[in-house]
Amino acid sequence: MTNSISPWSPYVGRTSMVSAGRKTLTSAFADLVVSRQGFQSYELPDIFSAPVDEGENDAARDLVRLEAEHLSRMFANGRLTSFARPLGGGEVTTIASEFWELDDPLPRFATGVLNLEQWADEGAEPTHRIFVDGQQFDGWLASLKPLGPLSNRQVEEIVDPQLRATRSVARRSAQCGFGQADGVVDGHQHEMSTPPGVGPEFLTVKEVSTLVGRSRSSIYEDEKKGQFPERVKIGASSRWAKSEVLAWIAEQATKRGEG
């Protein structure tokens with residue numbers, strides 16, 4: 001008799017398994033994915049059986065993979081506790097944090113099981129089901145800020161790796177000229193263009209228009225299309241992070257000669 005479990009099959013018609021104060025890894029991961037990405041658990045088998053298309057299918061898989069890597073880091077750094085219980089039932093043991101130091105954690109999330117003796121071998125016949133501390137996980141999940149809908153520019157970067165690389169080069173180019181990272185504001189990473197302690201600089205639409213040499217209407221139109229950095233809400237006002245506008249200018253420069 002084999003204990004093999006087909007990848008992603010545990011997410012179809014999930015059932016609750018009894019374990020005092022704990023929930024299965026697949027149940028926890030399904031909760032994470034639906035809350036962060038909006039994918040229902042029963043959609044995961046279809047997402048990973050869809051053909052490679054360098055488009056929406058690949059983007060969906062990448063988003064799920066990112067959540068698997070995120071949760072794995074929580075186990076690996078000891079912020080969340082995971083447990084192993086023999087398939088069919090038995091004594092529960094704590095999974096050592098180093099067991100989550102994996103090159104690719106996604107296969108473990110696809111089945112929710114592992115071979116406790118050969119924990120790094122995803123092809124080894126599984127011996128234990130994985131559980132997480134339910135209260136601990138729920139507290140962590142509740143503390144996460146919702147991602148919200150992806151902007152058009154974010155979707156473009158997921159779908160088009162070359163575009164993502166181009167923008168990364170542009171951001172680094174702007175960073176080299178205007179300082180190091182100053183943190184995250186409204187979900188966006190900003191670089192300092194002002195002395196330390198002053199904080200990131202923001203621009204009005206008039207200042208943006210002067211900087212890029214374009215009309216206000218064209219800026220608003222391209223922002224709506226996802227072709228220009230998005231505004232940041234600061235109280236009742238809207239501003240653009242100067243660092244993001246400078247990175248956009250650098251991005252346009254890298255495109256010269258293309259086509």
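Reader: Which residues does Tyr 220 touch, not counting residues up to four places away in sequence?

Author: Val 205, Arg 231 and Trp 240. A contact here means heavy atoms within 4.5 Å. Bear in mind that this is a predicted model, where local features need pLDDT of at least 70, side-chain atom pairs count only at pLDDT 80 or more, and totals for chains, interfaces and linings use all residues. Numbering starts from 1 along each chain as its sequence is written, and side-chain values use heavy atoms, with hydrogens and water left out.

Reader: Why is Tyr 220 called partly exposed?

Author: Buried is under 20% relative accessible area, exposed is over 50%, and partly exposed is in between (1.4 Å probe, protein chains only). Tyr 220 has 34%, so the label is partly exposed. The residue sits in helix H9, residues 216-225; helices (H or I, at least four residues) and strands (E, at least two) are DSSP runs, numbered from the N terminus. Between Tyr 220 and Glu 230, ten residues apart in sequence, the C-alpha to C-alpha distance is 9.1 Å.

Reader: What makes E9 and E10 a pair?

Author: Two strands pair if DSSP finds at least two bridges between them. E9 and strand E10 (residues 237-241) are joined by three bridges, so they pair, and they run antiparallel. In that pairing Val 232 faces Arg 239 of E10.

Reader: And what makes strand E8 (202-203) and strand E9 (232-234) edge strands?

Author: Each of E8 and E9 pairs on one side only. The open sheet has three strands in the order E8-E10-E9, with antiparallel pairing.

Reader: Changing place: what makes the second largest pocket a pocket?

Author: On a 1 Å grid over the protein atoms alone, a pocket is an open set of points with protein on both sides within 12 Å along at least five of seven lines; a cavity is a set where a 1.4 Å probe fits but cannot get out. This pocket holds about 400 Å³, a volume being the space filled by probe spheres set on the points, which are joined across faces, edges and corners. Lining residues have an atom within 4 Å of a point. There are 21 of them, and closest to the centre are Pro 107, Thr 111, Asp 121, Glu 122 and Gly 123.

Reader: Which element gives the most to that lining?

Author: H4, with four residues. Helix H4 (106-111) and strand E4 (113-114) each supply at least two.

Reader: How many residues does the protein have, and what share count as buried?

Author: The protein has 259 residues, and 39% count as buried.
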